[in-house]
Amino acid sequence: MTDHRDYLDRCHSVAVFGGTFDPIHYGHLTVAEAVLAHFAPQRVLFMPCGQPPHKEGVNVTPAEHRYQMTLLATCDHPGFDVSRMELDRPGASFTIDTARQLLAVCPAEVKIYFIIGADSLEQLLTWKDAEALLTLCRFIAVPRPGFSSKQSKETVRKLNNKYKERIFLLDMEKTDISGTEIRRRITEGKSVRSFIPRVVEDYARAHHLYREPFSFDAVKKDLQKRLSPKRFVHTLGVIKEADALARHYGANVEKTRWAALLHDCAKEYSTDKKIALCKKWGIPLESANIAHIDLTHGPMGAESAKRDYYVNDPEILQAIRYHSTGHGAMTVLDKVIMLADFIEPYRDDYSPLTQMRKLAYTNMDKALRIGIKFTIKEEKQAKNPVHPISYEALKALK
């Protein structure tokens, strides 16, 4: 359990942003930025609720997942922080309990603001111990779709007349991003890039929070849009050939099919995009790779499979990573994917193809040696660099 004193015992002004954050989205982050700009609290403290009292009977994502997504979305902002206070406190999450707990932890002169939607102003006096809450804390009301500024100003005026300037309206444009809509889009496999930070999307998808894991057929359908028709036909050919090779040599068929499906998923990116992704994803841009950027499509394919389709099996990712270069310690799965890539049934003819197909089911290593030697020869003739690990693979296959 977190020590709730942490940095709060040195925090003289804090704007508490409570909510389910299921998931946290750009609307939340925009509001938090506006609060920092207009009210200058020392921290905007995101406070994921444990058991929201207003959502009884509603299916809410487990609290720990909502906390982790909120932390990932805010941790690199110096003015934001996240508290586990309501998660760790048993029972329903009432604002008055949070206010009292904060007052017990923060310095005596602390100013505490609670950020609420303008739609909550009308119900504020119905909250638990509302009158005590209004004497202990201040409130920042955020414009909400469906509530006019005139209506909100009038409600604030009435409350402030009674409680002496405890409520402030945040002057900003209304944000209209819905957690319900985000969850629905993820469930339906639609893009949410414009709604939530990528780290939040990655976490949600990796933990299957709003949808089941990607199916093989769903990824294949997506790749059909992502790849050119010729590249997609090649992919189908590699799947077919790899499946047969895996059954013949005793490799895991399910892993083989996934590696075959995704082996070229990053093949058709532009040169500049490949370079940018290598830098972003930490893929070493060795001299051979810089001179012949296509050598990076294996490592990028493995990263793309992990980041875009949440494939985490290390054997699948390794087979994708080395399918075009080989390496010095190839597994049966690695060999199957590399050989299938060489000899799949829709391949345009090249000089050793017939010989490799004849050897494929009797001497896989020899077939691969022929293919790697041919590739090295072709690259040298084209004055392209050859990756050193291809020589390691050739040596190991002897």
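Contact here means heavy atoms within 4.5 Å. In this predicted model, leucine 262 meets that criterion with Val219, Leu223, Ala305, Tyr309, Val311 and Ile320, once its neighbours within four places in sequence are left aside. Leucine 262 also belongs to the largest nonpolar core, which has 50 residues. Within that core, Leu223, Leu262 and Leu339 touch the most other members. Helix 16 (residues 332–343) supplies the largest share, 8 residues. A second core is separate and holds 34 residues, including Phe17, Val35, Tyr67 and Ile115.

Helix 9 spans residues 216–226 and has Phe216, Val219 and Leu223 buried. Viewed down the axis of helix 9, the buried residues fall within an arc of 65 degrees, so they line one face of the helix. Asp217, Lys221 and Lys225 lie on the other side of helix 9 and are exposed. The cover over the buried residues of helix 9 includes helix 10 (229–249), helix 11 (253–262) and helix 14 (297–309). Phenylalanine 216 has a further partner: the charged end of arginine 257 sits over its ring, 4.4 Å from the centre. A second such arrangement involves arginine 84 and tyrosine 67. There the charged end of arginine 84 sits over the tyrosine 67 ring, 4.7 Å from its centre.

Aromatic pairs were searched for across the whole structure, and 13 were found. One of them joins phenylalanine 39 to phenylalanine 168. The geometry is edge-to-face, with 6.0 Å centre to centre and 65 degrees between the planes. This pair links distant parts of the chain. Phenylalanine 39 lies in helix 1 (residues 26–39) and phenylalanine 168 in strand 6 (residues 167–169), 129 residues apart. Phenylalanine 168 counts as partly exposed because its relative accessibility is 27%, and buried means under 20%.

Phenylalanine 46 and phenylalanine 80 form another edge-to-face pair. Their centres are 5.3 Å apart, with 70 degrees between the planes. Phenylalanine 46 lies in strand 2 (residues 43–48) and phenylalanine 80 in strand 3 (residues 80–82), so the pair ties together parts that are 34 residues apart in sequence. Phenylalanine 46 is buried, at 0% relative accessible area. Phenylalanine 80 is buried too, at 6%. Phe46 and Phe80 form one aromatic cluster together with Phe17 and Phe21. Of these cluster members, Phe17 is also listed in the second nonpolar core.

Terms used
Residues numbered from 1 in each chain as written. Predicted model: local features only at pLDDT ≥ 70, side-chain atom pairs only at ≥ 80, totals over all residues. Heavy atoms only, no water. Buried < 20%, exposed > 50% of the residue type's maximum accessible area, 1.4 Å probe, protein only. Helix = DSSP H or I, 4+ residues; strand = E, 2+ residues; numbered from the N terminus. Arc of directions from axis to C-beta. Phe/Tyr/Trp six-rings, centres within 6.5 Å; stacked < 30°, edge-to-face > 60°. Lys NZ or Arg CZ within 6 Å of the ring centre and 35° of its normal. Core = buried A, V, L, I, M, F, W, Y, C linked by side-chain atoms within 4.5 Å.
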